[in-house]
2 protein chains.
Amino acid sequence: MKKASLKDIAKKTGVSVTTVSIVLNGNGKERKISDSVIAKVERVAEKLYYRPNQFAKSLRTGKTFTLGLIVDDISNFFFAHLSKIVEEEADKFGYTVMFCSSENDEGKARNVLKILLDKQMDGYLIAPTLSMLPDVLQLIAEKRPLVLIDRFFQNATASYVTLDNYKGAYDSVDYFANQGYRNIALITNETEQIQMKERFEGYKDALKKNKLSFLPALVKKVSFKSEDEKIVIQIEKFLKARPDIDAILFTSNNLGVLGLESLRNLGKKVARDIGVICFDDNDLFRLASPGISVISQPIKQIGKNAIRILIDQIENKDMGQKHIVLSPNLVIRDSTPAKAVAVSAL
Amino acid sequence: MKKASLKDIAKKTGVSVTTVSIVLNGNGKERKISDSVIAKVERVAEKLYYRPNQFAKSLRTGKTFTLGLIVDDISNFFFAHLSKIVEEEADKFGYTVMFCSSENDEGKARNVLKILLDKQMDGYLIAPTLSMLPDVLQLIAEKRPLVLIDRFFQNATASYVTLDNYKGAYDSVDYFANQGYRNIALITNETEQIQMKERFEGYKDALKKNKLSFLPALVKKVSFKSEDEKIVIQIEKFLKARPDIDAILFTSNNLGVLGLESLRNLGKKVARDIGVICFDDNDLFRLASPGISVISQPIKQIGKNAIRILIDQIENKDMGQKHIVLSPNLVIRDSTPAKAVAVSAL
DNA sequence: CTGAAAGCGCTTACAG
DNA sequence: CTGAAAGCGCTTACAG
């Protein structure tokens with residue numbers, strides 16, 4: 001039982017392929033095809049389980065109704081949830097989405113983009129690695145529908161949807177300072193990605209505002225490439241070298257999870273020995289005891305906005321640059337208690 | 001700058017489209033095209049940034065080099081990680097994969113499969129919901145490459161890769177019993193899915209082996225459809241009704257996470273007040289204190305095996321049924337300490 | 001060693 | 001109200 005084609009239906013109904021095509025695309029009324037023909041074509045199409053061949057359709061029309069999404073790692077909590085929202089939102093407009101992981105790896109990222117390009121996505125949603133700048137510029141030059149998410153390039157004129165990363169870090173450090181913490185460390189990734197730079201700036205500015213001095217020795221930059229076990233060890237070493245650290249801001253979910261492992265290995269108790277705030281919420285942070293305070297991202301808003309802008313580009317040719325910067329939400333749990341004031345002279 | 005086609009290259013090089021096609025598919029040598037022509041065609045193709053149009057190719061050949069993966073929920077820890085492995089493995093064979101979530105919803109599941117069918121995947125990897133049985137039977141009838149994962153249908157002759165779910169549950173309950181637990185509860189989903197039924201059987205048989213009686217009142221079945229908050233409340237009610245429960249086996253990751261929330265709300269401390277084992281590992285269980293003992297699935301093995309079998313079906317037409325049942329791994333952490341023996345008569 | 005031609009399944013301007 | 005025909009970009013049996 002081969003798949004039925006327009007030709008099959010045409011033969012069975014005695015009308016032309018043209019007419020069948022018009023009817024099945026719902027343009028029968030408009031093109032004044034007689035009701036009897038419309039009815040007959042529809043009946044036969046149903047009986048033959050007709051489903052249009054998408055390749056033929058795409059080859060002819062150039063449209064695929066498929067969006068490409070490139071993230072660092074689909075198994076990461078933040079991106080996994082974002083992907084789900086994106087899928088849901090895209091579906092509302094009749095689009096499906098292809099997910100790809102760049103693994104923060106130059107080769108992989110460009111390869112994955114090439115594949116999507118070959119499959120001719122109608123639009124692209126990308127959390128770009130730094131190495132993708134040339135590709136992103138090319139996409140823009142070719143006027144392809146594109147929205148960057150989670151981060152952007154300052155010298156690329158693309159629409160994007162991101163968190164106010166500066167504010168997220170600033171608020172966290174400010175909160176730490178108000179709670180009485182004095183030696184606030186930053187554990188971040190060794191990357192020039194814009195969102196990490198902004199978090200770094202927010203960290204520094206909040207220190208300054210609270211009259212705490214910025215010490216490079218309290219900042220640990222971990223390489224993206226390292227394996228998880230190595231990162232845990234790196235963080236342990238860092239913390240051992242500076243036992244005066246009384247609070248840590250982790251700039252990513254993954255770093256936070258590994259950092260908790262380091263703290264456990266060192267026998268340091270969160271809250272009692274050290275304050276912790278982490279970027280991005282997850283189950284662990286929510287349910288750990290003590291619960292971990294986090295800067296949570298409005299994942300739903302990010303996904304919804306990104307899809308809306310992208311669809312607007314695709315369907316309404318609205319290529320105007322849109323920059324959406326969403327507010328982070330500092331969720332206070334148990335990992336950031338007020339510090340007892342040190343009473344020096346009793 | 002339009003995309004270059006074979007025709008463009010043919011025109012520029014002065015040879016026929018046929019020859020260009022042969023050369024660019026790497027069959028030049030074999031078809032004895034002269035070296036000079038091969039060189040010229042390749043040079044021009046590169047200069048024009050030639051990339052073949054996949055629709056035209058697929059329309060002609062019927063192949064897409066794309067696999068469809070349908071899971072419950074891509075943002076779930078187990079499936080997110082499985083998806084990543086699947087993507088990696090598929091890539092080794094030159095295939096990309098389209099991910100879809102069924103949301104354990106009848107309508108969504110069938111809709112998503114229809115979309116994949118329309119896009120003509122070369123093969124299907126499915127964690128099927130019960131409602132998908134007819135669709136799965138249809139896929140089999142049409143002899144489409146298909147591997148079921150995580151669960152299967154007893155009356156569908158499909159290849160599958162799953163965990164030995166019976167053993168996972170059996171080992172857990174047996175371990176509980178050996179540690180001195182006596183009132184072991186099962187918290188599971190209200191579903192007839194085979195993997196849940198097997199876990200239920202393993203639970204019952206291990207009770208019997210340890211001469212503990214099976215009490216329906218110690219089993220809580222939660223509806224798939226419930227929202228997370230409602231599940232938390234349901235579990236709380238269940239635990240309050242049976243304060244004698246001293247251990248719980250959760251049959252899924254999600255249930256376990258919500259169950260921990262219920263326990264926390266009730267003020268029950270894991271390990272001290274109640275033993276806990278959960279199906280599927282995740283960051284929370286690994287890093288919580290106390291750490292949660294789990295039955296971990298060999299995610300890598302599942303993904304690798306599934307892809308291997310699927311590719312074998314696609315490329316070697318090996319449609320023989322393969323059933324791979326992988327061994328679970330009981331990882332003991334701190335949530336299952338030995339119970340002090342009650343000394344009744346001192 | 002190379003090419004003309006058919007055809008995959010669809011859409012669409014054009015004609016009547 | 002309906003249809004013949006071109007064409008999207010490719011592959012492939014066939015011919016020479």
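Two strands are said to pair if DSSP finds at least two bridges between them, and the strands themselves (E, at least two residues), like the helices (H or I, at least four residues), are DSSP runs numbered from the N terminus. The structure is a predicted model, in which local features need pLDDT of at least 70 and side-chain atom pairs count only at pLDDT 80 or more, while totals for chains, interfaces and linings use all residues. Residues are numbered from 1 along each chain as its sequence is written, and chains are lettered from A and ligands numbered from 1 in the order in which they are written.

**A sheet in chain B**

In chain B, 6 strands form an open sheet with mixed pairing, in the order E7-E6-E8-E9-E10-E12. Its edge strands, each of which pairs on one side only, are E7 (219–222) and E12 (329–331) of chain B, and the twist from one strand to the next averages 15 degrees. Strand E10 (residues 293–296) of chain B runs antiparallel to E12(B) and is joined to E12(B) by 3 bridges; B:Ser296 stands opposite B:Asn329 in E12(B).

Helix H11 (residues 253–266) of chain B lies across E6 (184–189), E7, E8 (247–250) and E9 (275–279) of chain B, running at about 145 degrees to E8(B). Such an angle is taken between N-to-C directions, from 0 to 180 degrees, with axes that are lines fitted to C-alpha atoms, for helices over the stretch in contact.

**Where the chains meet**

Two residues count as in contact if their C-beta atoms, placed from the backbone, lie within 7 Å, and 28 residues of chain B are in contact with 28 residues of chain A. The elements of chain B that give two or more residues to this side include H4, H5 (77–92), H6 (106–118) and H11.

**The DNA strands**

A residue is near a strand if its C-beta atom, placed from the backbone, lies within 6 Å of it. Of the 26 residues around DNA strand C, those that come nearest include A:Ser5 and B:Ser16, and helices H2 (17–24) and H4 (54–61) of both chain A and chain B each give two or more residues to that surface. Around DNA strand D there are also 26 residues, with A:Ser16 and B:Ser5 among the closest.

The table gives residue classes, where Ala, Val, Leu, Ile, Met, Phe, Trp, Tyr, Cys and Pro count as nonpolar, Asp, Glu, Lys and Arg as charged, and the others, Gly among them, as polar.

| Surface | Nonpolar | Polar | Charged |
|---|---|---|---|
| Near DNA strand C | 11 residues | 10 residues | 5 residues |
| Near DNA strand D | 11 residues | 10 residues | 5 residues |
| Side of chain B that touches chain A | 13 residues | 8 residues | 7 residues |
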